[in-house]
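Student: I have a model open and would like to practise reading it feature by feature. Could you take me through it?

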Amino acid sequence: ISLPGIVIGCVLRPICFDKPWFSGIVGALLGAGFLRFIRWAHMAVRKKEGMGLGDVKLIGMIGAFLGPGALLPAILVGAFADSIIGGTVVLLRKLRGEDQQPEPEPEPEPEPETEVKKDGDEEEDDWEPSWDAVPFGPFLALGALAALLFEPAFQKLLLGLRGLYQF
């Protein structure tokens, strides 16, 4: 949904918001590039995945629809809401004793592959989130909604970054 949404956002942004044709493209590239960098930095430091590519594609779509000026409020509101809700969820799980890692199950014998994989096909991984993982996508969507509905308030709040919003 996100990849076609990026294209649709780039096409509809000039029509719906009366903005330059390239502002949706810039917003998509800036948003996706920023979260891609955060994802890469987390992987480099912690040596494990901290954010999925779905979040990167979602912020790209948000940037395509709302432009580069909405990215900072969307990410800030999303991160703030995620830290409050996620912190509460982790704390409650710890208080209830659900913070222990489950015993790993023995791996079953691998079945022979019947389908030939092509170069470029991504393997389906068996990645499971850790016990304290909280999805970021819903909070990014909340941040995008806040950026859309409260744009004038964010313009005043963010220390006169109005040039970014008019782009």
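Student: Let me begin with one residue: where is the place of Lys47?

Tutor: Happy to start there, and please keep in mind that this is a predicted model. Lys47 sits in the loop between α2 and α3. Its backbone deserves a look too, as Lys47 has a positive phi of about 60° although it is not a glycine.

Student: Is Lys47 buried or exposed?

Tutor: The general idea is to compare the relative accessible area with a cut-off, and over 50% counts as exposed. Lys47 has a relative accessible area of 66%, so it is exposed.

Student: Which residue in the loop between α1 and α2 could I read in that way?

Tutor: Try Asp18, which has its place in that loop between α1 and α2. Asp18 is not a glycine, yet its phi is positive, at about 55°. With a relative accessible area of 70%, Asp18 is exposed.

Student: Let me step back to the whole chain. How many helices and strands make up the secondary structure?

Tutor: The count is seven helices and zero strands. Read along the sequence, that gives the pattern α-α-α-α-α-α-α. Two overall values are worth adding. Of the 167 residues, 29% count as buried. Among contacts between residues at least 6 apart in sequence, 74% join residues at least 24 apart.

Student: Now to the interior. Which residues touch the most other members of the largest nonpolar core?

Tutor: As a general idea, nonpolar side chains in soluble globular proteins tend to be buried together. Here the largest nonpolar core has 22 residues, and Ile6, Leu35, Ile59, Ile62 and Leu140 touch the most other members. Two or more residues of this core come from each of α1 (2-17), α2 (23-46), α3 (53-66), α4 (71-95) and α5 (137-149). The largest share, seven residues, comes from α3.

Student: Ile62 looks like a good one to click on. What is Ile62 in contact with, leaving aside its neighbours within four places in sequence?

Tutor: With those neighbours set aside, Ile62 is in contact with Gly67, Ala74, Leu140 and Ala144.

Student: Next, helix packing. How do I read the arrangement of α3 and α5?

Tutor: Look at two values, the angle between the axes and the distance between them. The axes of α3 and α5 cross at roughly 10° and come within 10 Å. Angles under 35 degrees count as roughly parallel, and that makes α3 roughly parallel to α5.

Student: Which residues of α3 and α5 meet?

Tutor: From α3 there are Asp55, Leu58, Ile59, Ile62 and Leu66, and these meet Gly137, Leu140, Ala141, Ala144 and Leu148 of α5. By type, the residues of this contact of α3 with α5 divide into eight nonpolar, one polar and one charged.

Student: And at what angle do α4 and α5 pack?

Tutor: The angle between α4 and α5 is about 135°, and their axes are 7 Å apart. These two helices are therefore oblique to each other. As for handedness, α4 passes α5 in a right-handed crossing.

Student: Which residues should I display for the meeting of α4 and α5?

Tutor: In α4, show Pro73, Ala74, Ile75, Val77, Gly78, Ala81, Asp82 and Ile85; they meet Phe139, Leu140, Leu142, Gly143, Ala144, Ala146 and Ala147 in α5. The residues of this contact of α4 with α5 come to 12 nonpolar, two polar and one charged.

Student: Let me finish with some single residues. What is Ser2 in contact with, beyond its neighbours within four places in sequence?

Tutor: Ser2 is in helix α1, and beyond those neighbours it is in contact with Lys57, Leu58 and Met61. Under 20% counts as buried, so Ser2, at 17% relative accessibility, is buried.

Student: Which residue in helix α4 would make a good companion?

Tutor: Take Ser83, which is found in helix α4. At 43% relative accessibility, Ser83 counts as partly exposed. The C-alpha atoms of Ser83 and Phe136 are separated by 9.6 Å, while the two residues are 53 apart along the chain.

Student: What about Pro129: where does it lie?

Tutor: Pro129 belongs to the loop between α4 and α5. Its relative accessibility is 47%, so Pro129 counts as partly exposed. Pro129 and Met51 are 78 residues apart along the chain, and their C-alpha atoms are separated by 10.0 Å.

Terms used. Residues are numbered from 1 along each chain as its sequence is written. This is a predicted model: local features need pLDDT of at least 70, side-chain atom pairs count only at pLDDT 80 or more; totals for chains, interfaces and linings use all residues. Side-chain values use heavy atoms; hydrogens and water are left out. A nonpolar core is a set of buried Ala, Val, Leu, Ile, Met, Phe, Trp, Tyr and Cys residues joined through side-chain atoms within 4.5 Å. Buried means under 20% relative accessible area, exposed over 50%, partly exposed in between (1.4 Å probe, protein chains only). Helices (H or I, at least four residues) and strands (E, at least two) are DSSP runs, numbered from the N terminus. Contact means heavy atoms within 4.5 Å. Axes are lines fitted to C-alpha atoms, for helices over the stretch in contact, and angles run from 0 to 180 degrees between N-to-C directions. Angles under 35 degrees count as roughly parallel, over 145 as roughly antiparallel, 65 to 115 as roughly perpendicular and the rest as oblique. A crossing is left-handed if the near helix is turned anticlockwise from the far one by less than a right angle, and right-handed if clockwise. Ala, Val, Leu, Ile, Met, Phe, Trp, Tyr, Cys and Pro count as nonpolar, Asp, Glu, Lys and Arg as charged, and the others, Gly among them, as polar.
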